[in-house]
Protein chains: 2
Amino acid sequence: MSSRPARVDVREVGPRDGLQNEAPVPVDQRVRLIDALSATGLRFIEAASFVSPTAIPPMAGAPEVMAGIRRRPGVVYSALVPNPKGAELATAAGADELELVVSASETHNQKNVRRSVADSLVGARDVVEIGHGAGLAVEAIVSTAFGCPYEGDVEPERVAQVAGHLLDAGADRLSFGDTTGMATPRRVDDLVDALERAGITSDRIGLHFHNTRGTALANVVSALDRGVTRFDASIGGLGGCPYAPGASGNAVTEDLVHMLDDMEIETGIDLDALVDCARLAQEIVGRELPSALLHAGARTRRYES
Amino acid sequence: MSSRPARVDVREVGPRDGLQNEAPVPVDQRVRLIDALSATGLRFIEAASFVSPTAIPPMAGAPEVMAGIRRRPGVVYSALVPNPKGAELATAAGADELELVVSASETHNQKNVRRSVADSLVGARDVVEIGHGAGLAVEAIVSTAFGCPYEGDVEPERVAQVAGHLLDAGADRLSFGDTTGMATPRRVDDLVDALERAGITSDRIGLHFHNTRGTALANVVSALDRGVTRFDASIGGLGGCPYAPGASGNAVTEDLVHMLDDMEIETGIDLDALVDCARLAQEIVGRELPSALLHAGARTRRYES
């Protein structure tokens, strides 16, 4: 039997990665959701994205979101920044941590930010400099790390190479995004292997799975078996998949925490409070979310005989 | 890294366990679905249940289903039987294999068949005798093997004990049902451990997971790591959960095979043909099924850049 970690950190990405792929939600509702999430025991919340509001309307009002939330001590409120200008804005708005993204796939990076991967890596240095100048940690996220919707499979060595460049650029932490849900347990093993060969050990990485093809929790289990202890997830499964209308998107936070709880892996998060947040998220976006827990309740649920 | 099996057997249970929990579907449509499934490379199909049609109306017409299907050489068409009378009927109807069920939980067994577990174990002997008398293999399924919706957690030792009695009763194979989706990877390990302690090795067991709380494929991965090579699943995710309306039920066959394919674990099943069957299943029941593959397509799906 494998030896799994005793504790993992779950980062909530619903307010950013989730809502970015929903119809725009007013700032006050986004603040309400983040404040509710911060009361669950979650220690990491991706709260906003400082992208152009014309490019991504649901992320408009990022400074107002950061100003509106009630900061809970011990909670890290991070912001995604697409470029140095975004880094300046996020820093000024009081983000606790910056996240930058570079795709492992050339085509996806071009589609996403109209730049080559090489240009994005150069830009990463500027973002790190701005973050560090303000005393903030900067996380680098490698997207399409398990496959690209345009190019198909992405070689794990390529992902590790991009990750290495990002560490060289000064990134404090790494995360790997399964942008369109192409990861399976085998791909997780392959990536962790390639990262290890590149000297990047599993205690230094975070993983961001999508449940587009139903494998998010299976991937988490495989990653746990390899010693990974940081995972992203989205409350209620907010977000969907921009490539496949109707499909699931991000791993569902409450489903993840429910599984980890029963595996006796500590998260510090209150599951009941989390399910209440999922209900709130569903109310805010006004559509049924793909959360299993919202439909079925926890496995501890009892019926009268 | 764990060593996973090179090949697994997937048994399709949609025509029985799936359709049993849907509004009744006419015999000819059930035959159509089974015939389509038998052309995918699936080697095991649970085709019917010989229960009382008044008790479970969707399973009415079991003999007509068995008579109507086009038998494909190499495919085992099994039938669930609740008691010796059902075993006689299934044998007469030409089932290739019988399945009997006993719950590990006293309360669930009482609710399910209005008998004590002890009485069900006695009845199991008669079913085995009838099956063997007709030259058929008999599989014993232990339900609520990962928890009971009335009693809560079920001790793995209790499950192993019931399993041992079923082997003593002459069952040729064992399967363990996660009846209401209470299994997590930790529960899989606990059960496999308890079975091993009772001398029942993982090569002798099959597992039947439900995706009610999103963990079905994670459970499969944990079981693969323990050497289990037989899994049940339901096409399209037919069936839902009788305890939680709107929740998912059985593991989804095409999602399972898709994951196994990418893990380079051989199933002998054609994924495209399986997805066509899932579409047919959805058409037959006239509701959207929880299949991820139906919404998202396989991970090999490409988009124009």
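**Contacts, barrels and core of the two-chain model**

Setting aside neighbours within four places in sequence, Thr107(B) makes contact with Ser305(A), Cys148(B), Tyr150(B) and Glu151(B). The structure is a predicted model, and Thr107(B) belongs to helix H5 of chain B. The C-alpha atoms of Thr107(B) and Glu151(B) are 7.0 Å apart in space, although 44 residues separate the pair in sequence. Thr107(B) counts as partly exposed because 17 C-beta neighbours lie inside 10 Å, whereas burial requires 20 or more.

The contact with Ser305(A) leads to the interface between the chains. Here 45 residues of chain B are in contact with 45 residues of chain A. On the chain B side, the elements that supply two or more residues are helices H5 (106–113), H8 (185–197), H9 (216–225), H10 (253–262) and H12 (292–296). H9(B) provides the largest share of this side, namely five residues. The composition by class of the chain B side is 19 nonpolar, 16 polar and 10 charged residues.

In chain B, eight strands form a closed barrel in the order E1-E2-E3-E4-E5-E6-E7-E8, with parallel pairing. From one strand to the next, the twist averages 30°. Strand E3 (residues 76–80) of chain B runs parallel to strand E4 (residues 97–103) of chain B, and three bridges join the two. Within this pair, Leu98(B) in E4(B) is the residue opposite Ala79(B). Helix H10(B) packs on the sheet, where it touches strand E1 (9–12) and strand E8 (230–233) of chain B. The direction of H10(B) makes about 170° with that of E1(B). H10(B) is also among the helices that give two or more residues to the side of chain B touching chain A.

A helix pair was also examined in chain B. Helix H2 (residues 27–38) and helix H11 (residues 271–285) of chain B have axes that come within 10 Å and cross at roughly 170°. H2(B) and H11(B) are therefore roughly antiparallel to each other. From H2(B), Gln29(B), Leu33(B), Ala36(B) and Leu37(B) meet Cys277(B), Leu280(B), Ala281(B) and Ile284(B) of H11(B). The contact of H2(B) with H11(B) comprises seven nonpolar residues, one polar residue and no charged residues.

Chain A likewise contains a closed barrel of eight strands, running E1-E2-E3-E4-E5-E6-E7-E8 with parallel pairing. The strand-to-strand twist in this barrel averages 30°. Strands E1 (residues 9–12) and E8 (residues 230–233) of chain A pair in the parallel sense over four bridges. In this pairing Asp9(A) stands opposite Arg230(A), and Glu12(A) has Ala233(A) as its bridge partner. E8(A) is also joined to strand E7 (residues 205–208) of chain A, with which it runs parallel, by two bridges. His208(A) has Asp232(A) in E8(A) as its bridge partner. Both faces of E8(A) are covered, with Arg230(A) and Asp232(A) buried on one side and Phe231(A) and Ala233(A) buried on the other.

Phe231(A) and Ala233(A) also appear among the contacts of Leu256(A). Apart from neighbours within four places in sequence, the remaining contacts of Leu256(A) are Val10(A), Leu217(A), Val220(A) and Ala251(A). The largest nonpolar core has 204 residues, and the members that touch the most others are Val142(A), Leu256(A), Val142(B) and Leu256(B).

Notes
Residues are numbered from 1 along each chain as its sequence is written. Chains are lettered from A and ligands numbered from 1 in the order in which they are written. This is a predicted model: local features need pLDDT of at least 70, side-chain atom pairs count only at pLDDT 80 or more; totals for chains, interfaces and linings use all residues. A nonpolar core is a set of buried Ala, Val, Leu, Ile, Met, Phe, Trp, Tyr and Cys residues joined through C-beta atoms within 7 Å. A residue is buried if 20 or more other C-beta atoms lie within 10 Å of its own, exposed if 12 or fewer, and partly exposed in between; C-beta atoms are placed from the backbone. Two residues are in contact if their C-beta atoms, placed from the backbone, lie within 7 Å. Ala, Val, Leu, Ile, Met, Phe, Trp, Tyr, Cys and Pro count as nonpolar, Asp, Glu, Lys and Arg as charged, and the others, Gly among them, as polar. Two strands pair if DSSP finds at least two bridges between them. Axes are lines fitted to C-alpha atoms, for helices over the stretch in contact, and angles run from 0 to 180 degrees between N-to-C directions. Angles under 35 degrees count as roughly parallel, over 145 as roughly antiparallel, 65 to 115 as roughly perpendicular and the rest as oblique.
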